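Reader: Please take one part of this model and describe it closely. I would like the setting and the contacts, without interpretation beyond the coordinates.

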Amino acid sequence: SPSSTSGFCTTGLPSDVIVQVGEMSFHLHKFPLLSKSAILGRLIEENSDQDECTIKLSNIPGGAKSFELVARFCYGLKIELSPANIVHLRCAAEYLEMTEETAQDNLIHQAEMFFNQVVLRSWKDSLEALKTCDVLLPHAEDLHIAKRCVESLAAKASIDPDLFGWPVSEHGAMHSPGGSVLWNGISTGAKLGNFSSDWWYDDASSLSFPTYKRLISTMESRGAKEEIVAGSLTYYAKKCLPGLNRRQSMGPVPLTSAAATLSEEEQRHLLEDIDRMLPLQRGLISTNVLLWLLRTAMILKVNRACISNLEKRVGMQLDEATLEDLLLPNFSYTMDTLYNVECVRRILDHFLAMDQTMGGGSPCLDDVMGSPSLAPITAVAKLIDGYLAEIAPDINLKPPKFESLATALPEYARPLDDGLYRAIDVYLKAHSCLPEPEREHLCRLIDCQKLSLEACTHAAQNERLPLRVVVQVLFFEQLQLRTSIAGCLMVSDNLEGSSRPLHGSGTIATSGEAGARWVTSAAVRENQALRAGMDSMRLRLAELERECSGMRQDIRKLGGAAGKDGWAARVQRMFSLKMKLQMCSTEEAKMNDRHRSASAKLEKLQAKVSSHKKHLTIDA
């Protein structure tokens, strides 16, 4: 009847040996012990001359619980072997030299049989046995128990479920070729569920990190896919780093008690090790997870090499990032800016370097709009413009830092400058005290020729923009209008030229040809009326150009010293010009509609003339 400090063997005979294991004392008999253990036999012989034979076993693996099971085995009592105690028993048996030379079918032999034939064949049992190895070092390592468990787990985790199906022998169950579960060789009709390649992630994340690293290393040596390894590492990080657990993109990941007790230093070393283990390849880990790893690394203040590696990983797939994840707070004590703009700039530099390495160049605008190969850099340009608009209200953000990020992208990356214009507009609104030269310098980043109609309309009425920029926007709007009208006139000339042979025919016309010629002449007259309208519009446009030129001369005379009254008058005049240009645009649209109607009529008439000619040829 064992107590908290001692244990007695109730055989009816008085005990003749006391075995002390830590604070626990076992009152036993010599013969059962020395018949199974060579070590206990020698210790008993050495202490036989004492009145009370006492043996101290202070270093036995597993302590008192392991020795209690060993003692039961020595007395021939039945002990239940399990994955939870098999490693303890195997290490204790080795320590006590319970070999076949001492007794047949001894504890070492039985423990090895159970370990090899039962434990290593099951994923769950191998995992449970491996966990117990952490408290039995170095004995478990010397006996290669941990190594065999790791190899068993690595072999099972490396199996592709799509090729072989899973599980093969999980939890001791057998399976028929059709996939149903077998009980005593009889099909139960229960079908196996579908298993994906990440089925083992949660189990592996319950291991201590040194053991987990060993498992991953063994899997890599066996040729496991990089995306599977990367997925497991990400899962382990999200489970063990509380900062990542708040933002879960891979489904619910419960936070273990072990993770909750990790110190900040342990978390720092964990993240640095995970970064070194992650394969450096694009697309293996989602960009938002990488950005949250980077954010956590900044919080934990990991070493500079780890930060740089994570920035490079994000840069390799920056086109897949979202604006929300890119807004990394600035954890510096100086609080220079609210967001870490320098980090985003380094990430962007990594992306641009990769883009150049992969053959990025400076294509024409049509290529930018249509080429799939330029989709990543245009997506990044849109992302950076959005980022600039988000950080623009920060009062501590200086113009050089804003400009540095805005100009980092090549010119061809932005098919339109609407996003950049919006960011600059937000910045000017938040920094209303910015001097006029610096405002003009920022606005030079905008290419007015790459603004959409909506952006041009907004810019022309934007009081925050310098007057020079507003005039420039109006000038390019005028230039676009002039080009559009010139194109319409050229089309009109071509249509009129194509109709002239019908009037100048020197042959004798039949009645059908004359009718066709009359109808065609009507369409030509309508086209000539359209041309007259175009000429009138051209004169009005020339008048507007002269007015705009006079306004620019007034601006040059006034310079920067113009008073408020002069400024207001000229801004009013500028908006008057804008209204006239819009009216001209409306007239142009009407003329274009009339031109398209006349062109359609002319095409129908030409078809009728051709039909008449065919009939005349048949009659002849």
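Author: What follows places one loop residue in the chain and then turns to a pair of helices. The model is predicted. The chain holds 28 helices and seven strands, and 43% of its 620 residues count as buried. Of the contacts between residues at least 6 apart in sequence, 70% join residues at least 24 apart. The exposed area of the chain is about 32,900 Å², with carbon and sulfur atoms supplying 55% of it.

The residue is asparagine 462, which lies in the loop between helix H25 (453-460) and helix H26 (467-503). Asparagine 462 has a relative accessible area of 8% and is therefore buried, the cut-off being under 20%. The side chain of asparagine 462 makes a polar contact of 3.0 Å with the side chain of tyrosine 421. Within the loop region, that side chain also reaches the backbone nitrogen of arginine 464, at 2.9 Å. When neighbours within four places in sequence are set aside, asparagine 462 is in contact with Tyr421, Asp425 and Val470.

Elsewhere, helix H19 (residues 341-357) and helix H21 (residues 375-391) have axes that come within 12 Å and cross at roughly 170 degrees. The two helices are therefore roughly antiparallel to each other. H19 contributes Val341, Val344, Leu348, Phe351, Leu352 and Asp355 to the contact, and H21 contributes Pro376, Ile377, Val380, Ile384, Tyr387 and Ile391. By class, the residues of this contact are 11 nonpolar, no polar and one charged.

Key:
Residues are numbered from 1 along each chain as its sequence is written. This is a predicted model: local features need pLDDT of at least 70, side-chain atom pairs count only at pLDDT 80 or more; totals for chains, interfaces and linings use all residues. Side-chain values use heavy atoms; hydrogens and water are left out. Axes are lines fitted to C-alpha atoms, for helices over the stretch in contact, and angles run from 0 to 180 degrees between N-to-C directions. Helices (H or I, at least four residues) and strands (E, at least two) are DSSP runs, numbered from the N terminus. Angles under 35 degrees count as roughly parallel, over 145 as roughly antiparallel, 65 to 115 as roughly perpendicular and the rest as oblique. Contact means heavy atoms within 4.5 Å. Ala, Val, Leu, Ile, Met, Phe, Trp, Tyr, Cys and Pro count as nonpolar, Asp, Glu, Lys and Arg as charged, and the others, Gly among them, as polar. Buried means under 20% relative accessible area, exposed over 50%, partly exposed in between (1.4 Å probe, protein chains only). Accessible areas come from the Shrake-Rupley method with a 1.4 Å probe; for residues, only the protein chains shown count as cover. A polar contact is a pair of N or O atoms within 3.5 Å; within protein, one must be able to donate a hydrogen and the other to accept it, and residues adjacent in sequence count only if both atoms are side-chain atoms.
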